[in-house]
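Trainee: I would like to go through this model with you, one local feature at a time. Please show me the sequence and the structure, and I will ask as we go.

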Amino acid sequence: MYSKVTSGTALGIEGKIISVEVDISAGLPGISMVGNLAPSVREAGDRVRTALKNINVCLPPRKVTVNLSPGDLRKTGTGFDLPIAAAILLSLSDKSRDSELDSFLQSSLILGELALDGSVLPISGVLPTIDHAHKMGIDRFIIPYGNLREASFIKDINIHPIRHLSQLYSMLEDGVIPDCERYDDSETDHEISGSYDLADVKGQETMKRGVIIAVAGFHNILLTGAAGSGKSMISKCIPGIMPEPTYEEKLELTKIYSISGKLLNDDGFIKSRPFRSPHSSVTDIAMLGGGMNVMPGEVSLATSGVLFLDEFPEFRRNVIDALRQPMEDKVINVSRLKASYTYPANFMLVAARNNCPCGFYPDRKRCRCTDTDRINYGNKISYPIMDRIDIRLDVRQVSYLDLKDDDTGMSSAEARDIVKRAREIQADRFKNESFNYNSEIPQNRIDDYIRLDARGEEHLRKAFEDSIISARGYTRILKLARTIGDINGHADVTSDDIEEALFFRNEIGGDAT
């Protein structure tokens, strides 16, 4: 008897439809599995056989052939256990092939891993698979109960979660289609991530201003200063001044974390912008993604949020230089012999570094580094990487008077309001575009969205002729000035906006005051 059900898998953050075919015929007893399968999928035969036995369903002494198509696509993971079991049960069923239940199963997508006792276990990668299937016209899904909350993120679909294989068997025997379920997360308020507040940072108003500009336009930022000047602390305040992600951003984030297996013991949704802070010992694979079982790296896990690299020069040179392509293209491509994976990498880079290896410069009473030491330390960050960082701010030490001052300065709530207004302007400006922020304006669209008044044009021309600004640096200054203009409420970029952008771009370097 032949039967067929629909399943799926995730390739990168995109889903793929997989057909699971089963044929039971005369031959040597056993389960034969074909279809370009990884070992984890081939093991499904033993799991399915044992799970069926433990719900009192014994396979007949005949040959069971299981085919997962298309055959040229490598199948990995454990999510095919449940659809294989469903197809076998269909082949063994005495029910009419025209029954309502058979039609229901044929129009549904089935996912899930089986324990040996028949329990249906949650799997990773459910969200991208369901999202793709829904776009292809499938709106019924039989999935593990542990993936219900994650699957409920997709609107206008019918979800039939099950906990045990016996429920699927009862469906076939009794002909009763189970009720749909959804997890209602609409009443859960968005919590601003981050436990730090800008008001806790004494002084450093210039650094606060630079961080607000960076967040408003999603610009990369590098903070350079002596140890203890507040660089790391203010960086950890950034999640608290970022607005809530849009639905599309949440969906993309949740897909990434789903295929990474980071949702199985979580609440199922990514509601806040991520703040990823890998240690300087991180490898290039962990940063960019890849490995034997290809997974997203830190640049993808930080999508729509912050990738914070503290002690930036201490990272391996190859790791730092590998950031060039994702910083520019906002995606990362991982190629393997049998497949190519594309992951989003639309992160905001926030990096911090000391002035010298010991961290005390310019305090010559404690710093023992030579000029050569300091130059070599700074040169660990290549010019191509520096050129991709819009804001390069030199941070001064906090004075005693700043520490004793009772005036807290700007709080995260006030900064978040500024950022929100600037982003609303950008959302209206780019409502018909594929990009969302000033920092993402393509080279060939700059003239469409960035207009300078006469004084601003002259100011920028003189700065370009008198300095060593590159062509990339020129466009980044324009984008940065456009963000500053949005914060200042200027329809056109003014000379003051250009001047502030040049200060924060800091092509030559200098002490922030």
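Trainee: Is asparagine 56 buried or exposed?
Mentor: This is a predicted model, in which local features need pLDDT of at least 70 and side-chain atom pairs count only at pLDDT 80 or more, while totals for chains, interfaces and linings use all residues. Residues are numbered from 1 along each chain as its sequence is written, and side-chain values use heavy atoms, with hydrogens and water left out. Buried means under 20% relative accessible area, exposed over 50%, and partly exposed in between, with a 1.4 Å probe and protein chains only. Asparagine 56 has 72% relative accessibility, so the residue counts as exposed.

Trainee: Where does asparagine 56 lie, and what is its phi?
Mentor: Asparagine 56 lies in the loop between helix H2 (44-53) and E4; helices (H or I, at least four residues) and strands (E, at least two) are DSSP runs numbered from the N terminus. Asparagine is not glycine, yet the phi of asparagine 56 is positive, near 65°.

Trainee: Serine 304 also has a positive phi; is serine 304 buried or exposed?
Mentor: The phi of serine 304 is near 70°, and the residue is found in the loop between helix H12 (298-301) and strand E14 (306-309). Its relative accessible area is 5%, so serine 304 is buried.

Trainee: Which residue follows serine 69 across a cis peptide bond?
Mentor: The bond has omega near 10°. The residue after it is found in the loop between strand E4 (63-69) and helix H3 (81-92). That residue is proline 70.

Trainee: What is omega for the cis bond that joins tyrosine 361 and proline 362?
Mentor: Proline 362 is placed in the loop between strand E17 (348-353) and helix H15 (371-378). For the cis bond between tyrosine 361 and proline 362, omega is about 15°.

Trainee: How are H2 and H3 oriented to each other?
Mentor: Axes are lines fitted to C-alpha atoms, for helices over the stretch in contact, and angles run from 0 to 180 degrees between N-to-C directions. The axes of H2 and H3 come within 10 Å and cross at roughly 55°. Angles under 35 degrees count as roughly parallel, over 145 as roughly antiparallel, 65 to 115 as roughly perpendicular and the rest as oblique. H2 and H3 are therefore oblique.

Trainee: Which residues in H3 are met by H2?
Mentor: Contact means heavy atoms within 4.5 Å. From H2 come Ala44, Arg47, Val48 and Leu52. Their partners in H3 are Asp81, Ile84, Ala85, Ile88 and Leu89.

Trainee: How do H21 and H22 lie to each other?
Mentor: Helix H21 (residues 471-488) and helix H22 (residues 495-505) pack with their axes 8 Å apart, at an angle of about 120°. H21 and H22 are therefore oblique.

Trainee: Which helix gives the most to the largest nonpolar core?
Mentor: A nonpolar core is a set of buried Ala, Val, Leu, Ile, Met, Phe, Trp, Tyr and Cys residues joined through side-chain atoms within 4.5 Å. The largest one has 49 residues, and Val215, Ile221, Ile238, Met348 and Ile391 have the most contacts inside it. Seven residues of this core come from the helix that gives the most, H8 (residues 205-217).

Trainee: Which residues of E17 (348-353) are in contact with isoleucine 221?
Mentor: Neighbours within four places in sequence are left aside. Contacts of isoleucine 221 include Gly210, Val211, Ala214, Ile389 and Ile391. Those in E17 (348-353) are Met348, Leu349, Val350 and Ala351.
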